[in-house]
Amino acid sequence: MTFDFRIFTIILAFVALALAPTAEAQNQLGNTELNVPATLMAESQQVKAGQSVTLAFVMEPKPTWHGYWENPGDAGIGMSFDWTLPTGVTAGEPQFPVPDRLLISSIMNYVYKGDYAILVNLALSDAVQPGPLPISVKSEWLSCTDEICVPEQDELSITLQIVDKDTAIVLNERFNGFRDALPRPLGSDASFAVNDDQFRLSIPLPADVDVGTPYFFIKEDGIVDYAAAQKFNRDGDRLILETAARGDGLEEINGILKIGKDMGFLFKASKGEVAMTGLPLANPLADDGPTQQAGASLLFLALGGALLGGLLLNLMPCVFPILSLKAMSLAKAGGDETVVRRDALAYTAGVVLVATALGAVLLGLRSSGAAVGWAFQLQDPRIIFVLLALVTAIGLNLAGLFELPNVNFGNKLTQKDGAAGSFWTGALAAFVATPCTGPFMAAALGATIILPPIAALVIFAGLGVGLALPFLLIAFVPAIRSRLPKPGPWLDGFRKAMAIPMFLTSIGLIWLLGRQIGTDALGLSLIFLLAVALILWWFGGGQIKGLSRGMLTSGAMTAAIIGGVLALPSDAAMNSQKLANTSTATLPSEPFSETRLSELRASGEPVFAYFTADWCITCKANEAAAIQRTETADAFEAAKVTVLMGDWTRPDPEISKFLEKHGRAGVPLYLYYAPGENPVILPQLLTVATLTDLVNGPA
């Protein structure tokens, strides 16, 4: 445990306050000796009986010094007021301006770093007589720097004049600025809940209110962990906070929601049920220097992860078939520097543009309230069917069934010679790479949830650059480029061999489509896919005979693809198919829901929750290699571990929000909940030992 000298000085401050000299003796020193001197002023020197007047304690900290809010946070002392008032005069509760945060050695302080004013309303009864009205108050407070704290006190006084009802009152305009720094009453009550050492707060706030960088300052002590991170979600006209709890026991709390410099809302909250719904705010980075530095560090770390993750994607099976197209292009170039560099740059442009565009669509859907994540496009069977038709056509072309010079179809784009073909090959590679998540990618894509939109787009672009990096190295590093083989007769055999990974991709897409729409609907879709193949075979036969069938082929293929899309079942039917995709598994599981998870945790049972999708190659590899293994099932059964499985093959808003809550933009995600402990996030590449050690301990 580390010792914080500043805490020691605060303890001494409490002792010093108890032994402090009298107010009269303190006042003889004058305000100039105080580190945070106070001045008492009135909004008007004249006041009428039966009305009220506002007083201000104007606090002016010296450089490097600060004062404290009414709840000082982890350390410090709030300001106290001991009034001496004439008969018929009562003082209201002090009104504090919106505070700032000061984090020192993991100790959160709620402070004022510059000049500030605390307002108090004095109410006068009708019985107060005209003439002088002496007001005095003994006040104590704590003044601190980042290293030391000094208790201070002063007895302040002011004399007002009671005037008759016809006298014009002149107001001090400085009080307008003082009031501008106060939090505004919200006007609606919030609700809060404390469960499993977790504090949640639901604040009614119209969706069109720009909250900027929100932070919640709670007035009551002992409820929240002041130094813990605060996560905010926006759910329509409500703002929902989640942070670590320190205690419970109150039925009502009060606090300030800060939404900008000197801007905040004052409200109270009653105890109730609060769910962490909605989507994370796009920009939770604070407006103070250290947090901005942390945000910049997060951006650079996430960008590095995206570059490295994109590079490793080239080894993933979902991307390799598309890379065969690029390999054909490089083989044709035969090491020609100009051609290779041109094609590499065009390929990179296609990858980066599509990766960034997919990221922009993802961010746009999230901002509109949709619960979506990375690879969202492969949750739609219509896109899968079009992609299946495209990949099948490319495979048939590589196999030599037909040539493409005259056919006006989308896969022609990837087979063009020159920069255009390289660009569209890169675009296709980025589009089909999204289901794959490899090492380093989870944190990078998860960062796009909390980073500002522009920074998030930089991460998506970095992923594209990483994916294209091998071809950039080949193009611009002569030692690598010189090893490229020269074009020759071998190219024809190489081209036909490259059709094999394309057909394997088609088989994978057929399986994925069947998982989403069911075998009956899949049979109908395959009829249309067969029609696509027959049309291309007819087109290739025409080429052999020297016949031009380009226009007819384009029209027929368009009709076949549209027919296949229209033949797909409705969303309701596909959602029911998702429920029907249950089979005997080595490690049985229950469908994931947050309600079920809470029930299991409340009962003290260990829980393993994993989130997968049929189109996620990494997910399926982990399931085959580690999750659905007899050793894992036996260990979990012996330890009475309940397994929850979240299937994200089709869109599921509850799973999407849960993934975002844990900093993930997509699957896989693996969590283990030991009884009474916080969840452990497991690595994205699992082994049997990784899972069995959770319950048995390391061997």
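**Reading the calls made on this model**

Q: What makes L530, L534, W537, W538 and L552 a nonpolar surface patch?
A: Together they make a nonpolar patch of about 580 Å² on the surface. Patch residues need over 30% relative accessible area and no salt bridge; like charges are joined within 9 Å, and nonpolar side chains (Val, Leu, Ile, Met, Phe, Trp, Tyr) within 5 Å. Areas come from the Shrake-Rupley method with a 1.4 Å probe, and for residues only the protein chains shown count as cover. Helix 15 (residues 519-544) gives the largest share of the patch, 4 residues.

Before we go on: this is a predicted model, where local features need pLDDT of at least 70 and side-chain atom pairs count only at pLDDT 80 or more, while totals for chains, interfaces and linings use all residues. Residues are numbered from 1 along each chain as its sequence is written, and side-chain values use heavy atoms, leaving out hydrogens and water.

Q: Why is W538 called partly exposed?
A: W538 sits in helix 15 (helices are DSSP runs of H or I with at least four residues, strands are E runs of at least two, and both are numbered from the N terminus). Buried means under 20% relative accessible area, exposed means over 50%, and partly exposed is in between (1.4 Å probe, protein chains only). W538 has 34%, so partly exposed it is.

Q: How do you know that the buried residues of helix 22 are on the same side?
A: In helix 22 (residues 688-696), the buried ones are V688, L691 and T692. They cover an arc of only 90° around the axis, so they end up on the same side of helix 22. The arc is taken from the directions that run from the helix axis to the C-beta atoms. As a general point, an α-helix has 3.6 residues a turn, so residues three or four places apart point the same way.

Q: What covers the buried residues of helix 22?
A: The cover includes strand 22 (607-612), helix 19 (617-627) and helix 20 (630-638). Right after helix 22 comes G697, with a positive phi near 85°.

Q: What makes a set of residues a nonpolar core?
A: The members are buried Ala, Val, Leu, Ile, Met, Phe, Trp, Tyr and Cys residues joined through side-chain atoms within 4.5 Å. The largest core here has 63 residues, and F57, F199, L201 and F216 have the most contacts inside it. Strand 9 (residues 116-124) supplies the largest share of this core, 5 residues. A second, separate core has 49 residues, including I384, F402, I517 and I561.

Q: Which residues does F216 touch?
A: Among them are Y110, F199, L201, F232 and F267, leaving aside residues up to four places away in sequence. Contact means heavy atoms within 4.5 Å.

Q: Why is R174 called partly exposed?
A: R174, in helix 3 (residues 174-180), has a relative accessible area of 44%, so it counts as partly exposed. R174 touches M41 and V58, not counting residues up to four places away in sequence.

Q: What makes K219 and E70 a salt bridge?
A: The rule asks for a side-chain nitrogen of Lys or Arg within 4 Å of a carboxyl oxygen of Asp or Glu. The closest N and O atoms of K219 and E70 are 3.6 Å apart, so the pair passes. K219 is in the loop between strand 15 (215-218) and strand 16 (231-235), E70 is in strand 4 (residues 67-73), and they are 149 residues apart. By this rule the count comes to 13 salt bridges.

Q: How do you know that R246 and D74 tie together distant parts of the sequence?
A: Their side chains meet in a salt bridge at 2.9 Å, N to O. R246 is in the loop between strand 17 (238-244) and strand 18 (252-260), and D74 is in the loop between strand 4 and strand 5 (80-84), so the pair ties together parts 172 residues apart in sequence. D74, D225 and R246 are linked in a network of salt bridges.

Q: Is D614 buried or exposed?
A: D614 is at 5% relative accessibility, so it counts as buried. Its salt-bridge partner is K620, at 3.1 Å, N to O, and K620 is partly exposed at 26%.
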